[in-house]
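Welcome, and thanks for taking a look at this one with me. Here are a few points to read alongside the structure.

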Amino acid sequence: MNTSRYPFYFIAVGLLSLLLGLLCGLLAGFQYVVPDFIKETLPFTALRPLHTLFVVSWVLLTATGGIYYYLSRNKAHSLSESYWVKAHFWIFILTGFGIALSYLLRNFAGKEYLEFPSYFYFPIVSGWLLFGINYFKTLAATFKTWPVYYWMWATGIVMMIYHFTEAHLWLLPYFKSHFIQNTALQWKAGGSYVGSWNMLVYGTAIFVMAKISQDERYATSVKAFFFYFLGLTNLMFGWAHHVYIVPTAPWIRYLAYGISMTEWIILASIIYDWKKNLAKAPSIRFLMAYQFMRLADFWVFLNIILALLISIPAINLFTHGTHITVAHSMGTTIGINTLILLSSVTYILESNQYSFSVSKIRFGIRLFQTSFVLFWCCLLLMGVQKAHWTFFNQALSFSQFQDDMHWFYLLFVLFGLGIFIGLYRIVFELLNGLRLSFK
């Protein structure tokens, strides 16, 4: 088996994980409408962590595969130890199978979002350590001239190891015996963990945009590094807006609020660049990669407005724990990360001239985008309804509230089905194109 194919194996398994994540999410959505639907075989308590596992695997595996591929294609930065790539791949695949099996067997011995038994920590961190060692050995010689995406990938790898370890500190006796510290640490680690993989994804976005435009100047500009350090600051401290409701020290809330508001600078830049680029013609050479990136730009614009609003303590009080939070996470994971990674995959296919049906992918994009906008708006409305019931209408029982939400849940599943079909159409075409890389 040719080691040079392993970046494609990472990407292919990532795409399959996206399909499985979509399927688990759709089945879980059906259980909102029909509570007894496959309840005995796959209850919601198993579908939710399976959905999270596969979607996170999609993001991490595809981003990792892309980074390995881009490094292997650069003659100045050929991978230093290719057999470590093989080891990394098989560690992650076997660990993923083990975690999925533990969920199917109802073995939930971890914490929220990382419900798997804690012994899976060791192979996961081992994989990231292999990735980090290989990455830094490959690029160490050119350290002083790194463009911003190399810095972002390096930061993401290091921070993934650190924050994934931090997410397991609850196993220590101190945190087990202090509920407030345990809760604060759980949300702190979770927020920074997401910020870490965002570094991998957003670094990929800048790399692909540089290649599409055939202009590396932005990747080495002062503006790019300013936003890198601003993003790093948010990764390290912005998590604290998740713990407004936890009785932590007041300075933590103030710091989190201040840092969250610095994202207005990014928003102003996005609006400016968006307007400036509207009149520009798309690149013909990597047209599909360009279209996916433009869609991601649209979702960055929408989601950063929502993120800024729910970072305001007075608003966060009402939105925390509602479907508005879900809209934020879905907008980030599907609207931004997924579209950036799809742009990365299509760029790789287009640059290698691997064939796929453009018309079928465009059909999938139209169905996905329409369904996802409606799905996202539905989540926002459901969140408003939940907040109103929680704070202003508690005379209504929870079961009555759920009955009143029935039509929202039907729309939620209907639009989710549209997302499911649209992304399936796209992913099948990309997998068909990737088959050429295995020959």
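1. A word on terms before we start: contact here means heavy atoms within 4.5 Å. Please also keep in mind that this is a predicted model.

2. With that in hand, look at helix α2 (residues 44-73) and helix α13 (residues 323-351). Their axes lie 10 Å apart and make an angle of about 35°, and the crossing of α2 and α13 is left-handed.

3. Which residues make this contact? From α2 come Val55, Trp58, Val59, Thr62, Ala63, Gly66, Tyr69 and Tyr70, and they meet Thr333, Asn337, Thr338, Leu341, Leu342, Ser344, Val345, Tyr347, Ile348 and Ser351 of α13. Sorted by class, the contact of α2 with α13 has eleven nonpolar and seven polar residues, with no charged ones.

4. Next, the second largest pocket, with a volume of about 350 Å³. Its lining counts 18 residues, and Tyr70, Arg73, Phe207, Lys211 and Tyr347 lie nearest its centre. Helices α2, α5 (148-166), α7 and α13 each supply at least two lining residues, and α2 gives the most, with three. The lining of this pocket divides into nine nonpolar, six polar and three charged residues.

5. How many cavities of 30 Å³ or more does a search of the whole structure find? The search finds one, and the volume of the largest cavity is about 30 Å³. Lys111, Glu166, Ala167, Trp170, Asn182, Leu185, Gln186 and Ala189 line the largest cavity. Helix α7 (residues 179-213) gives the most to this lining, four residues. By class, the lining of the largest cavity holds four nonpolar, two polar and two charged residues.

Methods: Residues numbered from 1 in each chain as written. Predicted model: local features only at pLDDT ≥ 70, side-chain atom pairs only at ≥ 80, totals over all residues. Heavy atoms only, no water. 1 Å grid on protein atoms, 1.4 Å probe; cavity = no way out; pocket = protein on both sides within 12 Å on 5 of 7 lines; lining within 4 Å. Points joined across faces, edges and corners; volume = space filled by probe spheres on them. Nonpolar A, V, L, I, M, F, W, Y, C, P; charged D, E, K, R; others polar. Axes fitted to C-alpha atoms, helices over the stretch in contact; angles between N-to-C directions. Left-handed = near helix turned anticlockwise from the far one by under 90°.
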